Amino acid sequence: MGDLLRVSLSYEIGMSNFNPRSLLTRLFYRLRRDGFALGINEYLAALHAMEGGWGVQDANALKKLLRSLWCHSLAQQDHLDVIFRSISAEESQEEAKPREIPSESPESSSSPKNTPPVTPGEQVPSRVDSPTPVPELSLLPVKSSINVLEHTEDWDFQAYYPISRRYMVYSWRYLRRMVADGREDILDVEGTIAKVCQQGFFLKPKYSRREQNHADLLLLLDQEGSMTPFHRFTRDLVETSQHDSNIERVRVGYFHNVPPEYVYKDPYLTEKVKFEWILAESDGDTSVLIVSDGGAARGDRRSERFSATAEVLWHIRQHTKLIAWLNPVPSERWQGSTAQFIAHLVPMYPLDPHGLNQAIASQRPSG
């Protein structure tokens with residue numbers, strides 16, 4: 001490393017037996033084995049801090065430095081303290097062991113006759129046959145390991161959903177067009193009493209027919225583009241209305257930005273069908289629900305999109321007046337976009353629990 005690190009480390013080693021760099025390396029590998037997300041960046045960050053004089057005073061200073069750099073929770077700090085004490089104890093035991101001095105033969109213990117005397121201040125040359133210490137080399141990890149974080153937060157704060165699937169199922173129950181054309185098996189108490197009073201005697205009870213929901217729903221869903229982040233919610237709208245509601249008939253049409261001459265039967269926009277054919281199957285009791293951002297997601301204001309949307313709404317009104325618009329973008333972002341002007345042509349509501357209830361309430365047929 002740098003000269004400053006070598007000077008500071010040599011100074012500390014000279015004053016005490018504390019070797020911060022050796023302890024740092026051992027801690028680094030030990031903590032990685034225990035699951036800490038440590039890599040070469042974390043190791044170099046610790047060395048850089050030590051170059052600035054941090055953590056080289058004593059063991060407590062080094063421990064404080066590593067707790068601030070490598071620990072991201074109280075559990076990791078406690079684990080570091082345990083490992084730090086263990087490795088410090090191991091190093092103390094290694095230093096306490098007496099060093100073994102190799103025994104010399106009698107011939108080698110006596111100085112050779114031809115060896116010249118050593119004058120004061122003269123360095124004795126090292127023996128040629130003395131072994132040279134080889135440094136132990138090892139690889140440092142380039143990238144920190146992927147460590148699964150401890151789950152401490154509540155799942156309710158993991159993501160934000162403007163409306164849940166369960167609430168959609170609950171809301172579809174209010175889209176009804178009840179007609180008494182079911183089985184005649186409901187006892188009509190008032191009718192039975194009235195018939196007895198009219199005839200003067202009782203022959204048989206009077207029954208009425210069950211009411212059935214004959215609601216007809218047409219869902220027109222904007223797909224792709226700025227609506228891509230909301231595909232999950234539009235998919236839930238389709239599935240809950242088709243499979244989790246008592247609506248008699250649900251038809252779905254997909255489009256991009258504006259329903260042109262053709263709409264699509266699938267969300268991938270591959271099976272197209274003429275829009276006028278779908279409208280021809282609608283009547284005055286058909287509820288039409290359009291789901292689109294209307295340009296509010298990107299803040300666009302385009303006159304051609306507004307004109308095309310106004311024309312589509314005019315064609316729909318030739319068949320039914322029950323039209324509502326659900327916008328997945330919050331209402332405060334409609335200002336200045338095409339959605340602001342479309343909201344003057346058709347009732348527009350945000351895609352949230354209150355907005356869905358209002359849209360369904362505006363689509364219930366009269367009578």
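In this predicted model, a right-handed β-α-β unit is formed by strand β3, helix α9 (residues 231–243) and strand β4.

Strand β3 spans residues 216–222, and seven of its seven residues are buried. In a regular strand, side chains point alternately to one face of the sheet and the other. In β3 both faces are covered: Asp216, Leu218, Leu220 and Asp222 are buried on one side, and Leu217, Leu219 and Leu221 are buried on the other.

β3 pairs in the parallel sense with β4 and also in the parallel sense with β7. The two pairings are set out below.

| Strand paired with β3 | Sense | Bridges | A residue pair |
|---|---|---|---|
| β4 (residues 249–255) | parallel | seven bridges | leucine 219 with valine 252 |
| β7 (residues 286–291) | parallel | six bridges | leucine 217 opposite serine 287 |

Nonpolar side chains tend to be buried together in soluble globular proteins. Here the largest nonpolar core contains 50 residues, and Trp172, Leu289, Ile290 and Ile316 have the most contacts inside it. The element that gives the most to this core is β3, with five residues. A separate core of 22 residues lies apart from it and includes Leu23, Phe28, Leu65 and Ile83.

Which residues does isoleucine 316 contact, leaving aside its neighbours within four places in sequence? Isoleucine 316 is in contact with Leu220, Phe275, Leu279, Val288, Ile290 and Ile323. One of these, Leu220, is among the buried residues of β3. Another, Ile290, is itself listed with the residues that have the most contacts inside the largest core.

Technical notes: Residues numbered from 1 in each chain as written. Predicted model: local features only at pLDDT ≥ 70, side-chain atom pairs only at ≥ 80, totals over all residues. Heavy atoms only, no water. Buried < 20%, exposed > 50% of the residue type's maximum accessible area, 1.4 Å probe, protein only. Helix = DSSP H or I, 4+ residues; strand = E, 2+ residues; numbered from the N terminus. Pairing = 2+ DSSP bridges. Right-handed = clockwise from strand over helix to strand, strands pointing away. Core = buried A, V, L, I, M, F, W, Y, C linked by side-chain atoms within 4.5 Å. Contact = heavy atoms within 4.5 Å.
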